[in-house]
Amino acid sequence: MTELHLWLRHETRTTERRTPVVPSDARRLVENGVTVTVERSPQRIFPVEAYEAAGCRVVEPYSWTVAPLDAVVVGLKELPEEPGELRHRHVFFGHAYKGQPGAEALLRRFVAGGGALFDLEYLVDDNGRRLAAFGYWAGYVGAALAVLHHRGRLTAPLRPTSKDELDAELQPRPDDAQFSSLVIGALGRSGRGARAALMEAGLDPTCWDLAETRDLDRQALLDHELMVNCVLSTGPVTPFLTDKDLAEPRRGLRTVCDVTCDVGSPYNVLPVYDTVTDWTDPVRRLHERPALDLIAIDNLPSLLPEEASTDFSALLAPQLMEFGVAGAWGRCLDRFHETCRELGLENGESDHA
Ligand SMILES: NC(=O)c1ccc[n+]([C@@H]2O[C@H](COP(=O)([O-])OP(=O)(O)OC[C@H]3O[C@@H](n4cnc5c(N)ncnc54)[C@H](O)[C@@H]3O)[C@@H](O)[C@H]2O)c1
């Protein structure tokens with residue numbers, strides 16, 4: 001069996017400070033006989049020296065393109081547009097299996113180069129549960145931003161911060177009015193994060209999950225002043241908010257944070273907007289009189305890069321130790337080939353399968 005060689009790449013997106021493997025986990029991998037090569041990265045939240053001290057080899061950004069073919073390239077988000085042919089096995093969030101813009105072009109590059117995508121979104125256990133996810137911190141940051149906006153204290157543009165700094169901003173001040181808050185999807189990863197942030201802010205949120213929305217009490221929902229949506233919907237559901245609710249004069253709801261951000265999906269539970277917001281303009285007014293403001297940022301965990309990376313890496317590193325073509329990684333690979341075949345890009349298995 002060839003020795004495992006992981007190649008931690010620099011992220012293309014300049015605002016992406018997270019990393020899927022933090023230095024302490026890189027050290028554990030090295031101690032277990034894994035070769036870990038780390039690309040220098042000006043924006044990564046952990047300095048490259050910490051990886052070097054952990055026994056990793058340090059190389060230049062984008063050098064994965066000339067890495068030995070047996071190296072497994074590990075990242076989080078999109079690859080650069082070049083090279084056109086991807087020859088390696090890549091572990092990252094490809095966003096390529098639901099017909100997203102650019103999805104087919106990305107898969108085509110893999111097929112052309114004989115490489116393979118192991119998509120982190122599809123790294124699941126035998127019961128289909130995600131093995132590594134950023135949800136908790138997405139919910140935490142989303143709820144925190146919603147509270148800060150509701151209290152008139154959110155300043156834009158947003159910038160990456162730490163939990164300590166965020167928590168300091170979240171502390172209630174003596175003249176802050178109490179208000180009601182609701183988390184939907186409260187039992188999930190992001191729901192738990194949202195609840196924790198609201199409690200840190202001195203609030204006592206109402207928590208709804210599947211059981212409470214089965215027979216939706218719309219007026220009870222509209223009576224909450226702040227709502228954080230954290231559901232993961234995989235089938236048709238009654239929308240939680242409609243345009244009619246926005247126009248409802250008795251609506252108490254003033255601030256919504258949609259952590260889910262399912263814009264364009266047929267299962268979207270908040271079909272009252274069609275474009276996400278971002279770090280520059282985090283809040284959009286959806287309705288005047290009564291006012292309703294929306295926060296719908298699709299890269300929330302990037303705002304807490306250290307905490308988000310540390311938790312994610314703790315989940316991913318043990319999986320990376322077992323990297324191969326069986327079990328969870330095998331399912332990832334199957335998914336890649338299935339999608340390529342469905343799109344008519346591939347007939348058989350790739351060289352790496
Ligand atoms: N905005 C971001 O930056 C960001 C980051 C990470 C995840 N997300 C998204 O957040 C969503 C939630 O992710 P997660 O990791 O917390 O998922 P999860 O599976 O851990 O939790 C989802 C929860 O929603 C509940 N749920 C599903 N349908 C429901 C319904 N109709 N009514 C009430 N509850 C319902 C489930 O029972 C579960 O408790 C996903 O869509 C994910 O893609 C967004």
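The exercises below, each followed by a worked solution, concern a predicted model.

**Exercise 1.** Describe the order, the pairing and the edges of the sheet that contains β1.

*Solution.* Begin with the order of the strands, which is β3-β2-β1-β4-β5-β6 in an open sheet of 6 strands with parallel pairing. Next, look for the strands that pair on one side only, and these edge strands turn out to be β3, residues 57–59, and β6, residues 116–119. Then consider how neighbouring strands of this sheet lie against each other: they are turned by 25° on average, with direction ignored. Finally, take one pair as an example, namely β1 (residues 5–8) and β4 (residues 72–74), which run parallel and are joined by 3 bridges. Within this example, Trp7 has Val73 of β4 standing opposite.

**Exercise 2.** Work through the sheet that contains β7 in a similar way, and then find which of its strands α6 touches.

*Solution.* The strand order in this open sheet of 6 strands is β8-β7-β9-β10-β12-β11, and here the pairing is mixed. The edges, where a strand pairs on one side only, are formed by β8 (206–208) and β11 (283–287). On average, and ignoring direction, neighbouring strands of this sheet are turned by 20° against each other. For the strands that α6 touches, the list is β7 (181–184), β8 and β9 (226–229), and the direction of α6 makes about 165° with that of β7. An antiparallel pair completes the description, since β11 and β12, the latter spanning residues 292–295, pair in that sense over 4 bridges. In this pair, His287 has Leu292 in β12 as its bridge partner.

**Exercise 3.** Determine how α4 and α6 are placed relative to each other, and which residues make their contact.

*Solution.* Two packed helices are described by the angle between their axes and the distance between the axes. For α4 and α6, the axes come within 6 Å and cross at roughly 40°. An angle of roughly 40° is not under 35 degrees, the limit for roughly parallel, and so the two helices α4 and α6 are oblique to each other. As for handedness, α4 passes α6 in a right-handed crossing. On the α4 side, the contact is made by Gly135, Tyr136, Trp137, Ala138, Gly139, Tyr140, Gly142, Ala143, Ala144 and Val147, while α6 provides Arg189, Ser190, Gly191, Arg192, Gly193, Ala194, Ala196, Ala197 and Leu198. Sorted by class, the residues of this contact of α4 with α6 are 11 nonpolar, 6 polar and 2 charged.

**Exercise 4.** Find which residues come nearest to the ligand, and which helices supply at least two residues of the shell around the ligand.

*Solution.* Start with the residues that come nearest, which, of the 28 residues around the ligand, are Gly135, Ala138, Gly185, Gly188 and Ser190. Turn then to the helices: α4 (135–150), α6 (189–200) and α7 (210–213) each supply at least two residues of the shell. The largest share, 3 residues, comes from α6. By class, the shell around the ligand consists of 16 nonpolar, 9 polar and 3 charged residues.

**Exercise 5.** Decide whether α1 and α10 are roughly parallel or oblique, and give the residues through which they meet.

*Solution.* Take first the axes of α1 (residues 23–31) and α10 (residues 305–321), which come within 10 Å and cross at roughly 15°. Because an angle of roughly 15° falls under 35 degrees, α1 and α10 are roughly parallel to each other. The crossing in which α1 passes α10 is right-handed. In α1, the residues Asp25, Arg28 and Leu29 meet Ser313, Ala314, Ala317, Leu320 and Met321 in α10. The residues of this contact of α1 with α10 comprise 5 nonpolar, 1 polar and 2 charged.

**Exercise 6.** Locate the backbone features at Pro83, Pro157 and Tyr62.

*Solution.* For Pro83, the peptide bond that joins Glu82 to this residue is cis, with omega about 0°, and Pro83 lies in the loop between β4 and β5 (89–92). For Pro157, the bond from Ala156 is cis, with omega near 0°, and Pro157 is found in the loop between α4 and α5 (163–170). Tyr62, although not a glycine, has a positive phi of about 65°, and its place is in the loop between β3 and β4.

Definitions and conventions. Residues are numbered from 1 along each chain as its sequence is written. This is a predicted model: local features need pLDDT of at least 70, side-chain atom pairs count only at pLDDT 80 or more; totals for chains, interfaces and linings use all residues. A residue is near a molecule or strand if its C-beta atom, placed from the backbone, lies within 6 Å of it. Ala, Val, Leu, Ile, Met, Phe, Trp, Tyr, Cys and Pro count as nonpolar, Asp, Glu, Lys and Arg as charged, and the others, Gly among them, as polar. Axes are lines fitted to C-alpha atoms, for helices over the stretch in contact, and angles run from 0 to 180 degrees between N-to-C directions. Angles under 35 degrees count as roughly parallel, over 145 as roughly antiparallel, 65 to 115 as roughly perpendicular and the rest as oblique. A crossing is left-handed if the near helix is turned anticlockwise from the far one by less than a right angle, and right-handed if clockwise. Two residues are in contact if their C-beta atoms, placed from the backbone, lie within 7 Å. Two strands pair if DSSP finds at least two bridges between them.
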